Amino acid sequence: MKFFGRLAAVMATLISNIKQLVNVRSSWSLLRRAELAKLPCINNAYLIVEGETIASYGKMEELKFNPSTFQDHLDATGKLVLPSWCDSHTHLVFAGSREHEFRDKIQGVSYADIAAKGGGILNSVKKLNDTSEDELFNQSYKRLEEVIRLGTGAIEIKSGYGLTIEGEIKMLRVIKRLKATSKISIKATFLGAHAFPAEYKADHDAYIDLIINKMLPQIGAEGLADYIDVFCESGFFSPKQMEQVCLAGRRYGLKPKLHVNQLNSIGGIQKGIELDAVSLDHLETMTDEDVQALAGSPNTIGTLLPTAAFFLRMDYQPARKLIDAGCAIALASDFNPGSSPSGNMNFVAALSCIQMRMLPEEAINAATINGAYAMELQDEIGSISIGKKANLIVTKEVPSLTFLPYSFGSNLIERVMLSGEWVS
Ligand code: NIG
Ligand code: FE
């Protein structure tokens, strides 16, 4: 082992007596069907972190070093250690909140009605364009710190509340600053095609032209995004318009990660697969043909966002049907002010078990290793593997792994580590 004999000189952390070390893998692949329910664990384990990465692990009886020789030692008796959550779909950068719409929704107004009346996303767009970059950064940084404490160790964040050149660039620059400021792994997605701004209500082609010929060149030149997204939905962008935007994004190296089949099934799945999307996200409304198409795609992941269905009182994503058909699925929070004002991945996992009948093992795999694949970070994060980033969750004392989603709403996280450092 690399650190042997020079412990005093290196930053090494030992976590000992771990009741269960969860999702331990020496090799990994995108999990489907029965594989999704297999969660490799080691009982009564130790884990050693050196610098930013996982250096070794094993059964306690195989630990060759005296715990007192470690610079940092945590006795995790009765506790579990998991890889951090990989939240592959969020809109964490936004200005203010929309709790007045929440009141309207309680009284029966639907998400689509609010949007049709010029509220919803366009409400957040107005707030965002009225907020300075520094203020937007401060608000977003607080949310990021909150989800880190809730166990998220990798996150995708979208633009999409600017819908002007300045607003979209402002959002993406804030994401870039978050990347530079925080230890969490971040991927940035350009979602200029989130809604048509009011000024382009009568001329959708002109807005698409703005995205393709004005926004994308600047985003490409500044290297501000990793992916491109489109809200493909009735009343928003058609599959054809999604294709136009995605093909333009390709020219700047942006792969598609797309919003499809939230409210309607209009061909977004088939078009997304044709565009070789990394992931197709939401999937509340899936026909049998949509499920079959996704199951037949070798690379495209279906990302389920159950807290959005929960918050909007919609039918949940058909997780069992998707898993049984052979789709590769991931779970994410969709953290945003309109349909999921929470980035709590512990609740996402619990809801997936409670309402979508996923097994706890399936939910944990879908929210860690498969979520990492949905951000193309699978070789860095998403499992307990030697050489991967030490982004970890240490739970409080719990009776079992199943207790985590079972006790939904309780905070069972005792501490988290990002890149080898405990988050205070
Ligand atoms: O993923 N549906 C589209 N976009 C977001 C919601 C955005 C909003 O309402 O602010 C979503 O649910
Ligand atoms: Fe979303």
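**View 1. Helix 12 and helix 13 cross obliquely in this predicted model.** The axes of helix 12 and helix 13 (residues 360-367) come within 9 Å and cross at roughly 140°. Angles over 145 degrees would count as roughly antiparallel and those from 65 to 115 as roughly perpendicular, so helix 12 and helix 13 are described as oblique to each other. The crossing of helix 12 past helix 13 is right-handed. Which residues make the contact? From helix 12 come Met345, Ala349, Ser352 and Cys353, and from helix 13 come Pro360, Ala363 and Ala367.

**View 2. Helix 12 also lies across strands of the sheet.** Follow helix 12 and you will find strand 6, strand 7 (152-158), strand 12 (301-304) and strand 13 beneath your finger, for helix 12 lies across these four. Helix 12 runs at about 85° to strand 6. Compare this with helix 7 (residues 239-250), which runs at about 170° to strand 9 (227-232). Helix 7 lies across strand 9 and also across strand 8 (185-193) and strand 10.

**View 3. Eight strands form an open sheet.** In what order do the strands sit? Reading across the sheet, the order is 6-7-8-9-10-11-12-13, and the pairing is parallel. Strand 6 and strand 13 are the edge strands, each pairing on one side only. From one strand to the next, the twist averages 25°. As a reminder, strands of a sheet pair through backbone hydrogen bonds.

**View 4. Strand 10 and strand 11 pair side by side in the sheet.** Strand 10 covers residues 255-260 and strand 11 covers residues 279-282, and the two pair in the parallel sense over 4 bridges. To find your place, look for Leu258, which stands opposite Leu280 in strand 11.

**View 5. Four residues hold the iron ion (ligand 2).** Which atoms coordinate the iron ion? They are NE2 of His89, NE2 of His91, NE2 of His259 and OD of Asp334, at 2.1 to 2.2 Å. Along the chain these donors follow the spacing H-x1-H-x167-H-x74-D. His89 lies in the loop between strand 6 (85-87) and helix 1 (99-106), and Asp334 in the loop between strand 13 (329-331) and helix 12 (345-356), so this pair ties together parts that are 245 residues apart in sequence. His89 and Asp334 are both buried.

**View 6. His282 touches two of the residues that bind the iron ion.** His282 is found in strand 11. Is His282 buried or exposed? At 1% relative accessibility, His282 counts as buried, because the cut-off for that word is under 20%. Leaving out residues up to four places away in sequence, the residues His282 touches include His259 and Asp334. Among the others are Val260, Gln262, Thr303 and Gln317.

**View 7. Leu210 and Leu275 are two buried leucines.** Leu210 lies in helix 6 (residues 204-222), and its relative accessible area is 16%. Beyond its neighbours within four places in sequence, Leu210 is in contact with Ile165, Tyr200 and Met215. Leu210 and Ile165 are 45 residues apart in sequence, with their C-alpha atoms 8.1 Å apart in space. Leu275 sits in the loop between helix 8 (268-274) and strand 11, with a relative accessible area of 9%. Its contacts, again leaving aside neighbours within four places, include Met242, Cys246, Leu247 and Pro256.

Methods:
Residues numbered from 1 in each chain as written. Chains lettered and ligands numbered in written order. Predicted model: local features only at pLDDT ≥ 70, side-chain atom pairs only at ≥ 80, totals over all residues. Heavy atoms only, no water. Donors = N, O, S within 2.8 Å, 3.2 Å for Na, K, Ca; no water. Buried < 20%, exposed > 50% of the residue type's maximum accessible area, 1.4 Å probe, protein only. Pairing = 2+ DSSP bridges. Axes fitted to C-alpha atoms, helices over the stretch in contact; angles between N-to-C directions. Contact = heavy atoms within 4.5 Å. Parallel < 35°, antiparallel > 145°, perpendicular 65-115°, else oblique. Left-handed = near helix turned anticlockwise from the far one by under 90°.
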